[in-house]
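Please open the structure in your viewer and keep the sequence panel visible. The tour proceeds by selections, each followed by a description of what is found there.

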Amino acid sequence: MTARRLAGKDLAASLRAQAADAVTTAVAGGTTVRLAIVMATQDQSAAWYVRSLTGAAARAGIECEVADLGASATPGRIAAELARLSAGAAVHGIILQTPVPAGATAAELAQAIDPAKDVDGANPVSLGRLTVGLPAFAPATAEAVVRLLDFHGVELSGRRAVVVGRSAVVGKPVAQLLLGRDATVTICHSRTPDLAGVTSEADVLVTAAGRPGLITAAHVRPGAVVVDVGTSTVGDGGLVGDVGAAVTEVAGALSPVPGGVGPVTTAHLLLATTVAAAGQPATGKLR
Ligand code: NAP
């Protein structure tokens with residue numbers, strides 16, 4: 001068996017087009033859609049990501065402001081900037097770029113982001129609201145996973161889903177969104193004994209560990225749908241996921257790294273920003 005490829009390119013293009021249309025409508029109504037990114041790091045991957053996001057925003061007609069506070073910014077300074085942007089009327093979406101300097105976690109700092117502008121679902125209030133079924137922006141990567149599955153016609157209701165990873169930015173919100181779609185969800189992490197025993201029960205396996213080659217053919221039930229969220233940089237600068245090459249011979253469908261969840265995540269963020277600008281209640285169900 002060679003797994004069907006769950007590519008993100010066409011979906012990302014469609015989301016970018018929807019975002020551009022929403023921007024046109026906003027502009028016609030006198031609103032310039034604005035996204036602010038607050039960063040306090042010299043991390044090269046973060047810088048690359050911010051450049052890529054600002055480029056995509058510009059192409060969609062979204063004005064993007066990057067507040068680069070420097071790697072020595074204090075937690076107080078970062079929180080104050082997030083609070084300032086939250087209070088102002090000019091900016092509709094706010095993203096706190098990770099990593100953040102030592103001394104505070106991203107979750108602590110993101111509490112200063114107004115949930116109505118929290119387009120990347122970083123404020124713990126957003127995850128809490130999502131958990132109890134209230135409207136909220138979910139983290140974009142988590143939304144991208146479910147969007148990708150929907151786009152490729154993968155049924156979720158009643159299916160057994162296993163998520164590898166329990167972070168607040170990927171694992172937990174993905175699990176929450178899958179639960180919201182009536183999947184039966186198990187979350188695994190580094191202390192899960194017999195990982196392969198659990199993951200091989202999945203109809204839909206989402207892996208977000210950041211461990212290249214973690215998921216082998218033995219971790220996958222024949223015919224299962226596998227979504228690789230992991231991104232790790234390898235020696236030659238290339239990007240690899242968590243899923244080993246042999247999985248393609250076992251899985252029924254597989255989203256690749258690169259080219260799967262990543263482009264959908266960026267495009268989703270643009271669309272979420274237009275949703276925030278439209279003053280619609282934040283919704284974890286943008287689909
Ligand atoms: P993270 O905070 O480091 O979390 C990784 C999770 O994986 C943790 O819950 C960890 O378990 C678990 N884990 C690590 N090794 C494991 C193992 N051997 N077996 C089972 N579980 C294991 O990372 P993250 O921020 O969630 O990101 C996860 C991956 O997604 C990274 O590669 C990141 O680069 C990628 N990512 C991709 C996108 C995208 O748009 N494509 C966006 C964001 C992140 P413990 O909790 O027990 O430590």
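## A guided tour

Begin by selecting P258, which sits in the loop between β11 (253-255) and α9. The model shown is a predicted one. Display the backbone from V257 to P258: the peptide bond that joins them is cis, and its omega is near -5°.

**Second stop: another cis bond**

Move to P99, in the loop between β4 and α4. The bond to inspect runs from T98 to P99; this peptide bond is cis, with omega near 0°.

**Third stop: a positive phi**

Select D182, in the loop that links α7 (171-180) to β6 (184-188). D182 is a residue other than glycine, yet its phi is positive, near 70°.

**Fourth stop: the largest pocket**

Which residues lie nearest the centre of the largest pocket? Select Y49, Q97, T98, T141 and T231 to find that centre; the full lining comprises 48 residues. The elements that each supply two or more residues to this lining are α2 (44-60), β4 (93-96), α4 (106-109), α5 (124-131), α6 (140-151), β9 (232-233) and α9 (261-277). The greatest contribution comes from α9, with 6 residues. The volume of the largest pocket is about 1,600 Å³. Colouring its lining by residue class gives 26 nonpolar, 19 polar and 3 charged residues.

**Fifth stop: α6 against α9**

Keep α9 displayed and add α6. Two packed helices are described by the angle between their axes and the distance between the axes. For α6 and α9, the angle is about 110° and the axes are 8 Å apart. Because angles of 65 to 115 degrees count as roughly perpendicular, α6 is described as roughly perpendicular to α9. The crossing of α6 past α9 is right-handed. To see the contact, select A140, T141, E143, A144, V145, R147 and L148 on α6, together with V261, V264, T265, H268, L269 and L271 on α9. By class, the residues of this α6–α9 contact comprise 8 nonpolar, 3 polar and 2 charged.

**Sixth stop: α2 against α9**

Replace α6 with α2. How far apart are the axes of α2 and α9? They are 10 Å apart, and the two helices pack at an angle of about 50°. This angle makes α2 oblique to α9. The crossing of α2 past α9 is right-handed. Select Y49, L53, A56, A57 and A60 on α2, and then T265, T266, L269 and L270 on α9, which they meet. The contact of α2 with α9 includes 7 nonpolar and 2 polar residues, and no charged ones. Y49 in this contact is also one of the residues nearest the centre of the largest pocket.

**Seventh stop: α1 against α9**

Finally, display helix α1 (residues 9-28) with α9. Their axes come within 8 Å and cross at roughly 15°. Why are these helices described as roughly parallel to each other? Angles under 35 degrees count as roughly parallel, and α1 and α9 are therefore placed in that class. Their crossing is left-handed. On α1, select L11, A12, L15, R16, Q18, A19, A22 and V23; on α9, select P263, V264, A267, H268, L270, L271 and T274. The residues of this α1–α9 contact divide into 11 nonpolar, 3 polar and 1 charged.

Note on methods: Residues are numbered from 1 along each chain as its sequence is written. This is a predicted model: local features need pLDDT of at least 70, side-chain atom pairs count only at pLDDT 80 or more; totals for chains, interfaces and linings use all residues. Side-chain values use heavy atoms; hydrogens and water are left out. On a 1 Å grid over the protein atoms alone, a cavity is a set of points where a 1.4 Å probe fits but cannot get out, and a pocket is an open set with protein on both sides within 12 Å along at least five of seven lines; lining residues have an atom within 4 Å of a point. Grid points are joined across faces, edges and corners, and a volume is the space filled by probe spheres set on the points. Helices (H or I, at least four residues) and strands (E, at least two) are DSSP runs, numbered from the N terminus. Ala, Val, Leu, Ile, Met, Phe, Trp, Tyr, Cys and Pro count as nonpolar, Asp, Glu, Lys and Arg as charged, and the others, Gly among them, as polar. Axes are lines fitted to C-alpha atoms, for helices over the stretch in contact, and angles run from 0 to 180 degrees between N-to-C directions. Angles under 35 degrees count as roughly parallel, over 145 as roughly antiparallel, 65 to 115 as roughly perpendicular and the rest as oblique. A crossing is left-handed if the near helix is turned anticlockwise from the far one by less than a right angle, and right-handed if clockwise. Contact means heavy atoms within 4.5 Å.
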